[in-house]
Every structure is written in C-alpha cells, then in structure tokens.
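Student: I would like to learn how to read a model of a chain with a bound ligand, feature by feature. Could you take me through one?

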Amino acid sequence: GRSGDLAGRRVIITAGGTHEPIDPVRYIGNRSSGKMGYSLAIEARDRGAHVLLISGPVALPAPYGIEVQRVETAVQMRDAVYSSITDADVLIMSAAVADFRPAEPAAQKIKKVSGQARGQSETDAFSLHLVQNPDILKDLAEPLQESHNRNEQPRRRLIRVGFAAETEDIIANARHKLAAKQLDLLVANDVTRSDSGFATDTNKVLIFHADGAVEDLPVMAKSDVAAAIWDRVVPFLGTM
Ligand code: PMT
C-alpha cells in the first residue's frame, strides 16, 4: 500500500498563482485556483509526510495537519521556498508563478485621466513597465560540475518536480523545461481541454521523466493525479 511511504519525509509544495501589485488595489494575476497543489499536499500528508504548503492567494481553506505559508508575489514565494529548502526531500512547484511584475508598483491608486492629460496619445492608452521575476525552480538547478570542498557537509539531494501549462507545442516545451530546470519529473497539463488545467476539478497530464520517457495519463480527479505523481516520486527517495 501507499500509506506511510512518505513517513519521515519533508516535502514542500507550492500552489496557486501569484499576485503582482500594480498599485494598492490592483494586481497582475492568473487563473490558478490552487486545487492541484492542495491535492498534492493532502496526498503527501495522508502518506505520512511533513508538508509545508506555500500558497499564493486562493479561496481554499488551509488543510488539516498541513503547515501553510501564504504569500502574494513571486519574490515572496521564492523567499519562502529558499528559507525552508535546506532540510526538504522533495519540492513540487505546482504554483503558476508570474514571469513578470510591474517594475515599480504605484504608491497610490492610479487614477483614470485622459491620455492627453498624462502626456500620452489621445487614445487613452496606458502602459505598464514590467520586469522579469526570478525563476524559482531554475535557480535551484545544481551547478553541472560541483566543485567539491572536502570540509563541506555533502548536501542532501532535493527531488524537484515542475509543472508546465502549455497552450502549444506541449511536448517540445515540456522537454525543454525539464532539461533547462534540471528536474526529476515534469508534469505537463493539457490546458486546451475544458476538463483540464486551471481551476477545474480534473486534470489531464503528461508526465515527462529525465530519461526521456513520457507517460500519457487519462483525465482524472486532481486528487488521483496527485496520487499518481507521488507514486512516481517515492522511488527517487528509496535511493537516498
Ligand atoms: O491551481 P489549479 O487551478 O488547480 O491549476 C493547476 C495548474 C494548471 C496551475 C498547475 O497544474 C500548473 O500547471 N502549474 C504550473 C503553471 C505554469 O504556468 O508553469 P510554467 O510553465 O510557467 O512554469 C514551469 C515551472 O516552473 C512550474 O513548475 C513553475 O512553478 C516554475 N516556475 C515558473 C516561473 C517562475 N518564475 N518560477 C518558477 O519556479
């Protein structure tokens, strides 16, 4: 049985989307509900893991028996992940992290004025200057050739699992992300279907393995997708 196969393990799951402030009342966000990440956290708890759930703003209640740390922005999510990563066995990034944020959020609510009054064109256009957010997963990739200092404690290997939400070229993009972020597994959602991806209770995923293997799973409840993912993570832990 699966019960207890994560006993004694520390796992970190990120869930939901990030909110990147434009001004005190507005933000850039995405459609992630947190359901996929919360399902992964609940499944890990039920298998005996100590779970830290780092959650963006979502409508879901904190699950019983799970330590929840709430964050808003990508930078806050990165800080929360990095400050808890040292003694973790597994990190699963199911959060939809914003790739860009407004360069300088306005201190006061941005007012509606005519384009002319702002010195812009008469078309009432308004532009927002965005800068790139850190890539939380990619920045955790191991340096390819580690220079080993004999006095250093050998660092525990962290199993890293990423997600990909693609609207085109799923297979090529997923393979690229798996390699670029040096992941152990990558779970690609089919976001072209109405019963899969953001905010649905079900998901249809492809699981990409580092050795090139790909598994095409049927549409399942997100709780069953979560169980399938943990079934594939557990064997990595056996070798540690
Ligand atoms: O929350 P739900 O409504 O249940 O929906 C679930 C989901 C569709 C959001 C989820 O299953 C999912 O696919 N999450 C990843 C969404 C995504 O767009 O990923 P990405 O392709 O932008 O990023 C690839 C991977 O890198 C992800 O693991 C992501 O968490 C990570 N990433 C991305 C950007 C960034 N700046 N830092 C990161 O670590």
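Tutor: What follows is a conversation about secondary structure, burial, the ligand shell, an annotation and some backbone angles.

Student: Before we begin, what kind of model is this, and how are its residues numbered?

Tutor: This is a predicted model, in which local features need pLDDT of at least 70 and side-chain atom pairs count only at pLDDT 80 or more, while totals for chains, interfaces and linings use all residues. Residues are numbered from 1 along each chain as its sequence is written.

Student: How many helices and strands are there in the chain?

Tutor: Helices (H or I, at least four residues) and strands (E, at least two) are taken as DSSP runs and numbered from the N terminus. On that basis the chain has four helices and 14 strands.

Student: How should I read burial, and what share of the residues in the chain is buried?

Tutor: A residue is buried if 20 or more other C-beta atoms lie within 10 Å of its own, exposed if 12 or fewer, and partly exposed in between, with the C-beta atoms placed from the backbone. Here, buried residues make up 31% of the 240 residues in the chain.

Student: What can contacts add to that picture, for residues 24 or more positions apart?

Tutor: Two residues are in contact if their C-beta atoms, placed from the backbone, lie within 7 Å. Of the contacts in the chain with a separation of 6 or more, 64% are between residues 24 or more positions apart.

Student: Which residues are closest to the ligand?

Tutor: A residue is near a molecule if its C-beta atom, placed from the backbone, lies within 6 Å of it. The ligand is surrounded by 27 residues, and the closest are Ser33, Lys35, Met93, Ile136 and Gly162. Helix 1 (35-46) and strand 9 (159-166) each supply at least two residues of this shell, and strand 9 gives the most, with four.

Student: How does the shell divide by residue character?

Tutor: The classes are nonpolar (Ala, Val, Leu, Ile, Met, Phe, Trp, Tyr, Cys and Pro), charged (Asp, Glu, Lys and Arg) and polar (the others, Gly among them). The shell holds 13 nonpolar, ten polar and four charged residues.

Student: Which strands does strand 9 join?

Tutor: Two strands pair if DSSP finds at least two bridges between them. Strand 6 (residues 90-93) runs parallel to strand 9 and is joined to it by four bridges, with Val90 standing opposite Ile159. Strand 10 (residues 185-190) also runs parallel to strand 9, through six bridges, and Glu166 has Asp190 as its bridge partner there.

Student: Turning to helix 1, is it mostly covered or uncovered?

Tutor: Helix 1 is mostly covered, since ten of its twelve residues are buried, including Lys35, Tyr38 and Glu43. These buried residues pack against strand 1 (10-15), strand 4 (50-55), strand 6, strand 11 (202-203) and helix 4. The expected span of a helix is 1.5 Å times one less than its number of residues, and helix 1 reaches 16 Å from its first C-alpha to its last, close to the 16 Å expected.

Student: And what is the span of helix 4?

Tutor: Helix 4 (residues 222-238) has 17 residues and reaches 25 Å, close to the 24 Å expected. Its buried residues are Lys222, Val225, Ala226, Ile229, Trp230 and Val233.

Student: Which residues does the UniProt "binding site" annotation cover?

Tutor: UniProt positions are given in the numbering used here, feature names are shortened, and annotations may be inferred rather than shown by experiment. The unreviewed entry covers Asp99, Lys109, Pro134, Asp135, Ile136, Leu137, Phe163, Lys177 and Lys181. They span 83 residues in sequence, and the farthest two C-alpha atoms are 37.4 Å apart, so they do not all gather at one spot.

Student: Is Ile136 buried or exposed?

Tutor: Ile136 counts as buried because it has 23 C-beta neighbours inside 10 Å, and its place is in the loop between strand 8 (130-132) and strand 9. Leaving aside neighbours within four places in sequence, Ile136 is in contact with Met77, Arg78, Val81, Met93 and Val97.

Student: Finally, how should I read a positive phi?

Tutor: Most residues other than glycine have a negative phi. Asp169, however, has a positive phi near 45 degrees and lies in the loop between strand 9 and helix 3 (170-180). Ala199 has a positive phi near 70 degrees and lies in the loop between strand 10 and strand 11.
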